[in-house]
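Student: Could you take me closely through the salt bridges of this model, with the criteria spelled out as you go?

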Amino acid sequence: MDDFVIKIGLEIHVQLKTESKMFCPCKVDVDSEPNKNICPICTGQPGILPSPNKKAIYYAILVSRALNCKIPDFLYFSRKNYFYPDLPKGYQITQYGISIGSRGEVPVLLDKEIKYFPIERINLEEETAKSFHIEGKVYLDFNRCGIPLLEIVTPPVFDSPFVVINFLKSLRKILIYLNVSDCNMEKGEFRVDTNVSVNLREKISDHRVELKNLNSLSAIKDALFYEIERQKNLLLKGEKIERETRLWDEEKKETRVMRSKEFVEDYRYFPEPDIPPFKVKEEWLKENLPPLPDYFYKKLIEKGAELKEIEVITSSPFLADFTLKVLEEIPYKKVKGWILTEILQHVENVEDIKSLPFSTSEFIDFLNKILKGEIPRHLGQEIIKISMQNNLPLNKLIEEKIEIKGESEIEEVIKEVIEENAHVVEKIKSGKVSAISFLVGRVMEKLKGKANPKEVKELLEKRLLN
Ligand SMILES: [Zn+2]
């Protein structure tokens, strides 16, 4: 067995969902026709003056606070100088030397336990344009250029792709709970670059391979597994691992060299002269944060939920809050099937749940009626289905479905059922009392579920057992 040391670090870019761009009043809307939401500022025309978006700074501070970062009293922006067609100014306005948040942490749910992983820094910067390569030509869409972007960097503290994926899921959830980004990975609102280095324990070197083009969590996991194996094999053959950037090829499921890095780029950072340093508003540091995923993780663990169940329930802040309120009244094991199966089977993507057709108190009443036997289970399932599919409140459906039959009506049906099932009646009278539930079922069926099965059972017992 060879002893390897695996180190993985992450660099995450998150688009903030503000109305306007970071340094100009252009609308944030990447779905409009290309190059519609642009102005001289975000296209880098001469003589422009950028003006920072307060909402974006506020959002960045919210994220920094939620991740327990140190936040400085004063902030300033810097210029990162480089040439690339998607950034026509020739520099990106970002942060250097001082970050809006530093030395924070992300609570991650692992094996029913919350572990904390460090964040090195959070920088607020501007997004670049989107480039398309079609038939050998490059097309640029500047609708994206200038959208506020957070850069979240971790130290290389991860040693397995599984932990990385859980970390990213937790971080994404926090951003969604704060409502600062939708973090849609397909749309590029949450992008991840990683660096990986594998070393033999007895011989640590400073190589680092960066991985790019990771467009989904599964791509990140596959690419990391592939890259770890690739580096292990090189080490076993006694070969050197180059410092380079590699691209993940989703079709071939392999990484290939994009560029080798013999030196670290020098971006000639300097403080942005057009935006004076500014003070962080004190009220932004005091405002209450909304309940974050780890609050729900802890509560749900206490209530006895399993890891997978917690992951599902907390993927929507609305559902997490809804579930916890229900759990104040009813134990988890009586609730979980109704939420995880009966409700969620009618939902395409749990993350998208922002409301339900019924209130928590309505749902609690409904569950209590089920638990007391006032609503038969199968009818309850039917009621949830109709409610979810047609967006109807529960109370009305319960009233419609359960116009409970009066005692005389039930008695009549009981008489019928007893006549039709003489052999069962005989069994019961000769001591096989449990067979009574068969008759309850027959009566309920004839009444189309519109009776309380407990009451039916009592009436049957009165008739047959006395
Ligand atoms: Zn603009």
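Tutor: A search of the whole structure finds 32 salt bridges, a salt bridge being a side-chain nitrogen of Lys or Arg within 4 Å of a carboxyl oxygen of Asp or Glu. The model is predicted, so local features need pLDDT of at least 70 and side-chain atom pairs count only at pLDDT 80 or more, while totals for chains, interfaces and linings use all residues. Residues are numbered from 1 along each chain as its sequence is written, and side-chain values use heavy atoms, with hydrogens and water left out.

One of these pairs is E227 with R246, whose closest N and O atoms are 3.6 Å apart. Because E227 belongs to helix 3 and R246 to strand 12, the pair ties together parts that are 19 residues apart in sequence; helices (H or I, at least four residues) and strands (E, at least two) are DSSP runs, numbered from the N terminus. E227 counts as buried at 0% relative accessibility, and R246 counts as buried at 7%, where buried means under 20% relative accessible area, exposed over 50%, and partly exposed in between (1.4 Å probe, protein chains only). Salt bridges that share partners join E227, R230, E244 and R246 into one network.

As for the surroundings of this pair, 8 strands form an open sheet of mixed pairing in the order 5-6-9-1-10-11-12-13, and two strands are taken to pair if DSSP finds at least two bridges between them. Strand 5 (101-110) and strand 13 (254-260) stand at the edges with a single partner strand each, so one side of each is left without a neighbour in the sheet. Strand 1 (residues 4-15) and strand 10 (residues 190-200) run antiparallel and are joined by 11 bridges. Helix 3 (residues 217-236) packs on the sheet, touching strand 1, strand 10, strand 11 (209-212), strand 12 (244-249) and strand 13, with contact meaning heavy atoms within 4.5 Å.

Two further pairs can be set beside E227 and R246. D266 forms a salt bridge with R268, the closest N and O atoms being 3.6 Å apart; D266 is exposed, with a relative accessible area of 54%, and R268 is exposed as well, at 60%. The side chains of K336 and E309 meet in a salt bridge at 3.3 Å, N to O, and since K336 lies in helix 8 and E309 in helix 6, this pair ties together parts that are 27 residues apart in sequence. Here K336 is partly exposed, with a relative accessible area of 31%, whereas E309 is buried, at 14%.

Conventions: Axes fitted to C-alpha atoms, helices over the stretch in contact; angles between N-to-C directions.
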